[in-house]
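Here are some exercises to help you find your way around a new structure. Try each task by yourself, then read through the worked solution.

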Amino acid sequence: MTPGVLWQVTAGFARCPLALHRAIRRFSASTHALRDKNVAVVGGGAAGFYAAARLLAKTKDVNVDVFEQLPTPYGLVRFGVAPDHPEVKNCTTKFDQVSGSPRVRYFGNVQVGGEQLGLERLRSVYDGVVLSYGASEDRRLGVPGEDGVDGKMGVIPARRFVAWYNGLPEAQGLQVDLESFDKVVIVGHGNVALDCARILLTDPKDLASTDITAHALDTLRSSNVRHVEMVGRRGPLQVAFTTKELREMTKIPDMDFICDRELVAAECDKWAEWLDSSRSLKRMMDLLMKHTVSAAPEKERTRRKSFTLSFLKSPTEILYNKPEEESAAAPQCIRFQVNRLEGAVDAARA
């Protein structure tokens, strides 16, 4: 197995601050502002539109203006949900109803907090300001080699990878090399980590009918990735993903689903009484024991692909081949430390 890579509409105002300034001046003197209350919502994603919906439902005399730095609304619903999960995007029907209200206006392509429009300016015009934007930066591992060596690819944050295959404009320049290796390691045991693993291991023919971007689909068609390992710092009873997401991994054809079955069984026995009170987690552990196999040497595997869940490990260093070696285009080795859990099972820390 070749070592692999570690992964962790109103437009125009953005280019015309003067136009936005004049728009706010007009707003402050318009009949729209003569109602009792006017609220600005900063962030046009799901949180912003749910906040707007709540304001409309609870009041009859509040106007809502939604400001979003992207030209299009709905945030992670549009750019964060996996393309093979279209049912999750059904909430946009409600958001469309909200944006269609005469009491709601949407201003896209506007960045609040910069030179264009400061927060204090909003507060001086509106009766209330709701901040509903999400994280705009990646969470770093903080280990040597994370940023690559001598221009070689390092860790790709999951936020950027998801944005890349979902078509977020700022991520379209991301260079994703899936041809130089056959294994990818993902750090994290959440639903986003499972999304990334599923996209990497699913046959591109099955993804072609989804709304994945064309360039991401082309890259996946030429991918040599056949093995994905998902590493978490805690144990099987502390995973953050859901049973539904995990079950989807069991349906990928021609793939071994590998985990430390002895560890799962031991943890379930140790915490059996507590596990009986958590039906959803118990179902997940049953799912693991039913569909997984123990690790075996690569030469003994009969299936073309593999997905491995690893527990109680944290990365400490990303290692590369020497610069003169041609195969050093991606991380060649990842050094881990083995963790030990402390505390109660439902609040254990590594």
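## Exercise 1: Two helices side by side

In this predicted model, helix α11 (residues 261-270) packs against helix α13 (residues 279-291) at an angle of about 150 degrees, and their axes are 10 Å apart. Work out how α11 runs relative to α13, then find which residues make the contact.

**Solution.** Start with the angle, which is about 150 degrees. Angles over 145 degrees count as roughly antiparallel, so α11 is roughly antiparallel to α13. Next, look at who touches whom: α11 brings R261, V264, A265 and C268, while α13 brings M285, L288 and M289. Finally, check the handedness: α11 passes α13 in a left-handed crossing.

## Exercise 2: Another pair, another angle

Look at helix α2 (residues 46-58) and helix α4 (residues 92-99). Decide how these two are oriented to each other.

**Solution.** First, take the numbers: the axes of α2 and α4 are 10 Å apart, and the helices pack at an angle of about 55 degrees. An angle counts as roughly parallel under 35 degrees and as roughly perpendicular from 65 to 115. The value for α2 and α4 fits neither of these, and therefore the two are oblique to each other. Then pick out the residues that meet: A46, F49, Y50, A52, A53 and L56 belong to α2, and K94, F95, V98 and S99 belong to α4. The crossing of α2 past α4 is left-handed.

## Exercise 3: Getting to know α7

Find R198 and the helix it sits in. How many residues of that helix are buried, and which helix packs against it?

**Solution.**

1. R198 is part of helix α7, which covers residues 191-201.
2. Nine of the 11 residues of α7 are buried, so the rest of the structure largely encloses this helix. The buried ones are A193, L194, D195, C196, A197, R198, I199, L200 and L201.
3. The packing partner to look at is helix α6 (residues 158-166), which meets α7 at an angle of about 50 degrees with the axes 10 Å apart. That makes α6 and α7 oblique to each other, and their crossing is left-handed.
4. At the contact, A158, F161, V162 and Y165 of α6 meet V192, D195, C196, I199 and L200 of α7.

## Exercise 4: Zooming in on R198

Is R198 buried or exposed? Find the residue whose side chain makes a polar contact with the side chain of R198.

**Solution.** For the first part, use the cut-off: buried means under 20% relative accessible area. R198 has 3% relative accessibility, so it counts as buried. For the second part, go to D195: its side chain makes a polar contact with that of R198, at 3.0 Å. Now look further along the chain. Setting aside residues up to four places away in sequence, R198 touches A82, D84, H85, E245, E248, M249 and I252.

## Exercise 5: Two loop residues with a positive phi

D254 has a positive phi without being a glycine, and so does L312. Place each one in its loop and say whether it is buried, partly exposed or exposed.

**Solution.** Take D254 to begin with. It lies in the loop between α10 (243-249) and β8 (255-259), and its phi is near 55 degrees. Its relative accessible area is 37%, so D254 is partly exposed.

Now move to L312. You'll find it in the loop between β9 (305-310) and β10 (313-319), with a phi of about 60 degrees. Its relative accessible area is 18%, so L312 is buried.

## Exercise 6: Apart in sequence, but how far in space?

How far apart in space are the C-alpha atoms of R221 and P204, and those of D346 and L275?

**Solution.** R221 is in helix α9 (residues 214-221). R221 and P204 are 17 residues apart along the chain, and 5.8 Å separates their C-alpha atoms. Beyond its neighbours within four places in sequence, R221 is in contact with P204 and A208.

D346 sits in the segment after β11 (333-338). With a relative accessible area of 56%, D346 is exposed. D346 and L275 are 71 residues apart in sequence, and the distance from C-alpha to C-alpha is 9.9 Å.

## Exercise 7: The whole chain

How many helices and strands does the protein chain have, and what percentage of its residues count as buried?

**Solution.** Counting elements gives 13 helices and 11 strands. Of the chain's 350 residues, 46% count as buried. As for the surface, the chain exposes about 18400 Å², and carbon and sulfur atoms supply 49% of that.

Conventions: Residues are numbered from 1 along each chain as its sequence is written. This is a predicted model: local features need pLDDT of at least 70, side-chain atom pairs count only at pLDDT 80 or more; totals for chains, interfaces and linings use all residues. Side-chain values use heavy atoms; hydrogens and water are left out. Helices (H or I, at least four residues) and strands (E, at least two) are DSSP runs, numbered from the N terminus. Buried means under 20% relative accessible area, exposed over 50%, partly exposed in between (1.4 Å probe, protein chains only). Accessible areas come from the Shrake-Rupley method with a 1.4 Å probe; for residues, only the protein chains shown count as cover. A polar contact is a pair of N or O atoms within 3.5 Å; within protein, one must be able to donate a hydrogen and the other to accept it, and residues adjacent in sequence count only if both atoms are side-chain atoms. Contact means heavy atoms within 4.5 Å. Axes are lines fitted to C-alpha atoms, for helices over the stretch in contact, and angles run from 0 to 180 degrees between N-to-C directions. A crossing is left-handed if the near helix is turned anticlockwise from the far one by less than a right angle, and right-handed if clockwise.
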